[in-house]
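Here are my notes after a pass through this model, in numbered points so you can reply to each. Have the viewer open while you read.

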Amino acid sequence: GARLLQSNRARRRGDRYSGGGDGQSHRGDRPGGGRLVTPARHPGAAAVVPFLDDPASADPRVLLIRQFRHATDGYLWEIPAGRREHNEPPLDTAHRELREETGYTATTMTRLTQIWTTPGFTDEVIHIYQATGLTVGRQQLDHDEVLEVIELPLLEAIKMIETGAIRDAKSIVGLQTIYLR
């Protein structure tokens, strides 16, 4: 069966991403009959597209992170993001993750959208924001996080999506949502 991975942060707190659902197929009532999958429970997450320049300018700079991900056995280009802590509001999560992963704080966070990550087996929702009015500070990485912060023009990030260099779904949704506006 499917096994749910725990982050080191989750293990330290003693909780699981699943929160009770096991993501396994069980007999049960389902529209159209068949087997019912008990969804893996997830508290949700927030992600941020941080702008160093005015988003309305011709080709504003954004911050991306290049982070090692064990599940992919390599580095991924991503927008800053992370799991909600307990009953933390998504907006607070967005501010916290931006500060922890990049060291920046934002004066303004604007909601862009929210997405279901993989609704076939989990109820995880990621709330995606745009951050402006950035002020540089100090990163607050967990001991097991390996990442670097990169500044680049939005159009270059869009080209990285087109070439397959950016393959992370939340990052693609966030960057393209802004690009299409």
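1. Overall make-up. The protein chain has 4 helices and 9 strands. Keep in mind that this is a predicted model. Starting at the N terminus, the order of elements reads α-β-β-β-β-β-β-α-β-β-β-α-α.

2. Burial and contacts. Of the 181 residues in the protein chain, 41% are buried. Among contacts with a separation of 6 or more, 59% are between residues 24 or more positions apart. The exposed area of the chain comes to about 10000 Å², and carbon and sulfur atoms supply 50% of that.

3. The four-stranded sheet. One open sheet is built from 4 strands in the order S6-S3-S8-S7, with mixed pairing. Its edges are strand S6 (81-83) and strand S7 (105-116), each of which pairs on one side only. On average, neighbouring strands here are turned by 25 degrees against each other, if you ignore direction.

4. Inside that sheet. Strand S3 (residues 45-50) and strand S8 (residues 125-135) run parallel and are joined by 6 bridges. If you want one register to check by eye, take valine 49: its bridge partner in S8 is glutamine 130.

5. Helices on the four-stranded sheet. Helix H2 (residues 90-102) packs on this sheet and touches S3, S6, S7 and S8. The direction of H2 makes about 115 degrees with that of S7. Helix H4 (residues 169-180) also lies across S3, S6, S7 and S8, and runs at about 110 degrees to S7.

6. The three-stranded sheet. Another open sheet has 3 strands in the order S5-S4-S9, and its pairing is antiparallel. Strand S5 (74-78) and strand S9 (147-153) are the edges, each pairing on one side only. Neighbouring strands of this sheet are turned by 25 degrees against each other on average, again with direction ignored.

7. Inside the three-stranded sheet. Strand S4 (residues 61-69) pairs with S5 in the antiparallel sense over 5 bridges. As a register check here, isoleucine 65 has glutamate 78 of S5 as its bridge partner. Helix H3 (residues 154-163) lies across S4, S5 and S9, running at about 110 degrees to S9.

8. Positive phi values. Most residues other than glycine have a negative phi. So which residues should you look up on the Ramachandran plot? Aspartate 73 is one of them, with phi near 55 degrees, a positive value in a residue other than glycine. Aspartate 73 sits in the loop between S4 and S5, and is exposed, at a relative accessible area of 64%. Histidine 86 is another one to look up: its phi is positive, about 45 degrees, although it is not a glycine. Histidine 86 belongs to the loop between S6 and H2. Is histidine 86 buried or exposed? Exposed, because its relative accessibility is 62% and the cut-off for that label is over 50%.

9. A nonpolar surface patch. Which residues form it? Leu155, Tyr179 and Leu180 do, and together they have about 320 Å² of accessible area. Leucine 180 is in helix H4, the helix that lies across S3, S6, S7 and S8. Leucine 180 counts as exposed because its relative accessible area is 69%.

Terms used. Residues are numbered from 1 along each chain as its sequence is written. This is a predicted model: local features need pLDDT of at least 70, side-chain atom pairs count only at pLDDT 80 or more; totals for chains, interfaces and linings use all residues. Side-chain values use heavy atoms; hydrogens and water are left out. Two strands pair if DSSP finds at least two bridges between them. Helices (H or I, at least four residues) and strands (E, at least two) are DSSP runs, numbered from the N terminus. Axes are lines fitted to C-alpha atoms, for helices over the stretch in contact, and angles run from 0 to 180 degrees between N-to-C directions. Contact means heavy atoms within 4.5 Å. Buried means under 20% relative accessible area, exposed over 50%, partly exposed in between (1.4 Å probe, protein chains only). Patches are made of residues with over 30% relative accessible area and no salt bridge: like charges are joined within 9 Å, nonpolar side chains (Val, Leu, Ile, Met, Phe, Trp, Tyr) within 5 Å. Accessible areas come from the Shrake-Rupley method with a 1.4 Å probe; for residues, only the protein chains shown count as cover. A salt bridge is a side-chain nitrogen of Lys or Arg within 4 Å of a carboxyl oxygen of Asp or Glu.
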